[in-house]
Amino acid sequence: MSTAPSPRARLLVVDDDADMLRLLSMRLGAAGYQVTAVGSAEAALSQLDIERPQLVLSDVRLPGKDGLALFDEIRSRHPSLPVILLTAHGTIPDAVEATRRGVFTYLTKPYDAKELLERITQALALSAPALPASPADETWRAEIVSRSSRMADLLAEARLVAQGDASVLLRGDSGSGKELLARAIHRASRRARKPFVAVNCGAIPEALLESELFGHMKGAFTDAHANHKGLFQAADGGTLLLDEIGDMPPALQVKLLRVLQEKAVRPLGSSQSIPVDVRIISATHRDLETAMAQGQFREDLYYRLNVVTLNLPTLAERREDIPLLANHFLAQLAAKYGKRSSGFAPEALKALTMASWPGNVRQLYNVVEQVCALSTTPLVSLALVQRALRTPSVEVLSFADARQRFEREYLVGLLKMTDGHVADAARLAQRNRTEFYRLLQKHALTPGLFKSDGPNGESQDAVADS
């Protein structure tokens with residue numbers, strides 16, 4: 001097998017042996033990889049928060065967390081990221097345990113350089129790239145603006161899923177971008193040159209939805225004045241997005257299941273079925289498992305649609321994307337409204353970043369559109385953003401303020417628990433009374449105020465503590 005790497009693929013190498021780390025970095029760099037080298041599992045996890053690599057190569061024996069514990073954390077955070085483990089202490093049980101838990105491969109030191117490069121090539125070939133090889137490869141996801149590592153993982157999984165025809169269920173809150181992701185999957189698939197058709201199953205009346213999906217023949221019902229192709233036929237060869245699938249009426253769920261099983265539709269008023277070749281992507285913000293338990297959604301249809309599940313994060317879970325999205329939307333909307341808006345004032349951008357965003361990306365777009373329409377200066381002000389938000393911001397304290405708040409709340413809690421008895425409170429805090437009194441003075445807390453008999457009990461406490 002060729003050992004040529006993906007163009008400038010990024011690797012994260014983890015080893016507490018500085019010499020081994022340097023050697024691996026040199027060899028992998030010479031092989032054409034971008035290498036980031038760290039000396040511990042904790043440093044590796046911090047690096048993953050900054051930039052997602054395409055593969056992790058880690059020693060098993062590390063200070064603190066070992067390589068298997070690191071792998072478990074990587075798998076929970078980044079399910080599609082391949083991990084290769086190296087160790088000088090390889091045993092068959094270790095190897096079995098590593099592969100059982102999902103490690104891509106396991107090599108012992110001293111490793112064979114050629115074999116290591118081959119395994120890295122195999123791992124990269126079987127996983128979706130975190131970043132495309134060239135700007136041209138970005139076109140499939142051009143509508144999705146993000147620098148979030150969580151979104152990078154989601155897009156990597158979406159790219160991988162796009163290569164086949166498995167049905168995909170997109171889960172996420174309203175406004176989180178489910179249709180944009182569905183379009184991206186379509187563009188990355190072999191069906192990209194064929195139609196992409198989206199239908200909101202909750203927005204069309206039940207009486208019309210069957211006709212919209214499956215079509216009808218002339219005379220099938222009162223207003224059927226001509227033959228009508230349904231959306232399944234319109235999407236033939238391409239992709240059909242069934243948005244808000246959880247709102248589909250039960251009677252239509254049965255008919256949809258039949259279409260998926262037979263890969264053919266029968267228009268209303270017709271006695272003949274028409275073959276269709278359609279890739280199905282479904283989307284919902286509802287809990288379908290609960291809907292099934294309540295008899296509102298068919299279990300057999302659920303498993304037909306839910307071959308692969310992709311979960312979209314809320315905007316609050318990808319706050320690092322908010323400035324990027326806000327400026328992206330502002331540039332689009334400034335052109336639409338003929339404005340000269342060039343950006344947000346720093347305090348305005350901070351307010352956007354700290355907002356709660358229950359409506360997710362759709363709400364952010366609406367807020368940016370409002371401030372753009374009302375702005376009279378190139379720089380969008382804080383006042384305009386606050387007016388558009390009309391929601392409380394999320395308070396982010398400095399470390400010192402957060403520590404101060406925690407200390408005070410902790411002390412208040414102890415005094416309440418002990419009915420204002422300082423000796424008992426100090427004992428629970430595992431601090432001597434002198435130090436505990438200093439903390440109370442620092443936060444201006446009077447123990448007597450916490451006694452059940454009121455402030456007059458303070459002198460008794462002082463006697464008891466003397």
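**Exercise 1.** Which residues does Arg318 touch, not counting residues up to four places away in sequence? Describe also where Arg318 sits and whether it is buried or exposed.

*Solution.* Keep in mind throughout that this is a predicted model.
Step 1: locate the residue in the chain, and Arg318 is found in the loop between β12 (308-311) and α13.
Step 2: consider its accessibility; because buried means under 20% relative accessible area, Arg318, with its value of 4%, is buried.
Step 3: list the contacts, which for Arg318 are Val145, Ser146, Ser148, Met151, Ser176, Pro313, Leu325 and Val361, once residues up to four places away in sequence are set aside.
Step 4: look at one of these partners in detail, for the side chain of Arg318 reaches the backbone oxygen of Val145 at 3.3 Å.

**Exercise 2.** Decide for His78 and for Arg61 whether each is buried, partly exposed or exposed, and describe the surroundings of each residue.

*Solution.* Step 1: place both residues, noting that His78 lies in the loop between α3 (67-77) and β4 (83-87), while Arg61 is in the loop between β3 (55-59) and α3.
Step 2: apply the cut-offs, under 20% for buried and over 50% for exposed; His78 has a relative accessible area of 3% and is therefore buried, whereas Arg61, at 46% relative accessibility, lies between the two limits and so counts as partly exposed.
Step 3: turn to the neighbours of His78, which touches Leu48, Arg52, Ser149 and Asp153, not counting residues up to four places away in sequence.
Step 4: compare sequence with space for Arg61, which is 53 residues from Lys114 along the chain and 23 Å from Lys114 in space, C-alpha to C-alpha.

**Exercise 3.** Describe the largest nonpolar core, and state which element gives the most residues to this core.

*Solution.* Step 1: begin with the general expectation that, in soluble globular proteins, nonpolar side chains tend to be buried together.
Step 2: find the members with the most partners; the largest nonpolar core has 30 residues, and of these Phe232, Leu240, Leu242, Ile245 and Phe297 touch the most other members.
Step 3: ask which elements contribute, and those giving two or more residues to this core are β7 (196-200), α8 (206-214), α9 (231-234), β8 (239-243), α10 (250-262), α11 (288-293) and α12 (299-305). The most come from α10, which gives five residues.
Step 4: follow one member, Ile245, whose contacts beyond four places in sequence are Leu169, Cys201, Leu256, Ser282, Ala283, Thr284, Leu288, Phe297 and Leu305.
Step 5: note that there is also a second, separate core of 27 residues, among them Ala334, Val367, Cys372 and Val380.

**Exercise 4.** How many residues line the largest pocket, and how many line the second largest pocket? Describe both linings.

*Solution.* Step 1: take the largest pocket, which holds about 590 Å³ of space and is lined by 25 residues, with Gly175, Ser176, Gly177, Leu180 and Val361 nearest its centre.
Step 2: assign its lining to elements; α7 (178-188), α13 (322-337) and α15 (360-374) each supply at least two residues, and the largest share, five residues, comes from α7.
Step 3: sort this lining by class, which gives 10 nonpolar, seven polar and eight charged residues.
Step 4: repeat the procedure for the second largest pocket, with a volume of about 320 Å³ and a lining of 14 residues, of which Ser167, Leu260, Lys263, Val278 and Ile280 lie nearest its centre.
Step 5: α10 and β11 (279-284) each supply at least two residues of this second lining, which by class has seven nonpolar, one polar and six charged residues.

Note on methods. Residues numbered from 1 in each chain as written. Predicted model: local features only at pLDDT ≥ 70, side-chain atom pairs only at ≥ 80, totals over all residues. Heavy atoms only, no water. Helix = DSSP H or I, 4+ residues; strand = E, 2+ residues; numbered from the N terminus. Buried < 20%, exposed > 50% of the residue type's maximum accessible area, 1.4 Å probe, protein only. Contact = heavy atoms within 4.5 Å. Core = buried A, V, L, I, M, F, W, Y, C linked by side-chain atoms within 4.5 Å. 1 Å grid on protein atoms, 1.4 Å probe; cavity = no way out; pocket = protein on both sides within 12 Å on 5 of 7 lines; lining within 4 Å. Points joined across faces, edges and corners; volume = space filled by probe spheres on them. Nonpolar A, V, L, I, M, F, W, Y, C, P; charged D, E, K, R; others polar. Polar contact = N/O pair within 3.5 Å; in protein donor to acceptor, adjacent residues only side chain to side chain.
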